[in-house]
Amino acid sequence: MTRIVIRLKLSTGGKRVKYVLMFIETEEYLKELDAMTPGEREQAYQRVYQWFDDHRDKISDRGNKLQGAETATTVRLDGGVAMTTDGPFIEGKEVVSGFTEIDVADLDEALRMVKTWPACPVVEIRPVAEM
């Protein structure tokens with residue numbers, strides 16, 4: 001089951017909107033992936049590749065799969081002092097595993113895309129800030 005987290009809904013006034021889709025793995029999903037045979041895992045990856053191909057006209061930056069949370073380095077800035085630690089910034093049961101940027105008409109179009117995502121069970125949709 002895919003859970004969709006919506007942070008903000010913006011009125012676009014007819015112009016296209018960029019969103020970042022953050023693909024979030026859960027411990028349960030990782031266990032399911034680990035339990036797959038190599039052939040089953042390859043089929044799962046093929047479904048992801050097909051999803052990207054099906055939506056290539058809306059993907060403005062293909063993004064990347066991230067390495068595991070254990071490879072993260074976190075920098076906390078506190079009063080001008082930078083504290084560096086190994087690992088993710090929070091301990092949790094969900095971790096961002098990848099991302100992509102899309103260019104769509106509105107949030108509804110982004111939601112239609114995400115509802116067909118074939119992999120990890122959580123996708124966060126976040127509008128890109130205009131600079």
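Confidence comes first, since this is a predicted model. The protein averages a pLDDT of 82. A score of at least 70 is reached by 85% of the residues. Among the elements, helix α2 has the highest confidence, at a mean of 96. Strand β1 (residues 3-6) has the lowest, at a mean of 49. Over residues 5-12 the pLDDT is below 50. That stretch still has 17 contacts in the model beyond near neighbours in sequence.

Now the overall plan. The protein has 3 helices and 7 strands. Along the sequence they follow the pattern β-β-α-α-β-β-β-β-α-β. There are 131 residues in the protein, and buried residues make up 32% of them. Take the contacts in the protein with a separation of 6 or more: residues 24 or more positions apart account for 79% of these.

Strand β2 is a good place to enter the structure. Leu21 lies in this strand. Is Leu21 buried or exposed? Its relative accessibility is 0%, so Leu21 counts as buried. Leaving aside neighbours within four places in sequence, Leu21 is in contact with Trp51, Gly98, Phe99, Thr100 and Ile102. Its contacts also include Val114, Val123, Glu124 and Ile125. Leu21 and Gly98 are 77 residues apart in sequence. In space, their C-alpha atoms are 8.4 Å apart.

The aromatic rings come next. A pair of aromatic rings is described by the distance of the centres and the angle of the planes. The count here comes to 6 aromatic pairs. One of them joins Phe23 and Trp51, with 6.3 Å centre to centre and 90° between the planes. This pair is edge-to-face. Phe23 lies in strand β2 (residues 17-26) and Trp51 in helix α2 (residues 38-54), so the pair ties together parts that are 28 residues apart in sequence. Phe23 is buried, at a relative accessible area of 5%. Trp51 is buried too, at 3%. Trp51 also pairs with Phe52: the ring centres are 5.2 Å apart and the planes stand at 90°, so this pair is edge-to-face. Phe52, like Trp51, is buried. Ring pairs link Phe23, Trp51, Phe52 and Trp117 into a cluster.

From the rings, turn to strand β3. Gly63 is found in this strand. Gly63 is buried, with a relative accessible area of 14%. Not counting residues up to four places away in sequence, Gly63 touches Phe99 and Thr100. Leu21 is also in contact with Phe99 and Thr100. Gly63 and Gly98 are 35 residues apart in sequence, yet 7.2 Å apart in space, C-alpha to C-alpha.

Lys65 has its place in β3 as well. Is Lys65 buried or exposed? At 58% relative accessibility, and with exposed set at over 50%, Lys65 counts as exposed. Apart from neighbours within four places in sequence, Lys65 is in contact with Glu25, Ser97 and Gly98. Lys65 and Ser97 are 32 residues apart in sequence. Their C-alpha atoms are 5.9 Å apart in space.

Ser97 brings us to strand β6 (residues 94-104). Ser97 is buried, with a relative accessible area of 7%. Which residues does Ser97 contact, leaving aside its neighbours within four places in sequence? They are Phe23, Ile24, Glu25, Asn64, Lys65, Leu66 and Cys120. Phe23 is also a member of the aromatic cluster.

The last stop is a pocket. Rolling a probe the size of a water molecule over the atoms shows where empty space is left. The second largest pocket has a volume of about 460 Å³. Of the 23 residues that line this pocket, the closest to its centre are Tyr45, Val48, Lys65, Trp117 and Ala119. Lys65 is the exposed residue of β3 met above, and Trp117 belongs to the ring cluster. Which elements give two or more residues to the lining? They are β2, α1 (27-35), α2, β3 (59-65) and β6. Helix α2 gives the most, with 6 residues. By class, the lining of this second largest pocket has 14 nonpolar, 4 polar and 5 charged residues.

How values were computed
Residues numbered from 1 in each chain as written. Predicted model: local features only at pLDDT ≥ 70, side-chain atom pairs only at ≥ 80, totals over all residues. Heavy atoms only, no water. Phe/Tyr/Trp six-rings, centres within 6.5 Å; stacked < 30°, edge-to-face > 60°. Helix = DSSP H or I, 4+ residues; strand = E, 2+ residues; numbered from the N terminus. Buried < 20%, exposed > 50% of the residue type's maximum accessible area, 1.4 Å probe, protein only. Contact = heavy atoms within 4.5 Å. pLDDT = per-residue confidence, 0-100. 1 Å grid on protein atoms, 1.4 Å probe; cavity = no way out; pocket = protein on both sides within 12 Å on 5 of 7 lines; lining within 4 Å. Points joined across faces, edges and corners; volume = space filled by probe spheres on them. Nonpolar A, V, L, I, M, F, W, Y, C, P; charged D, E, K, R; others polar.
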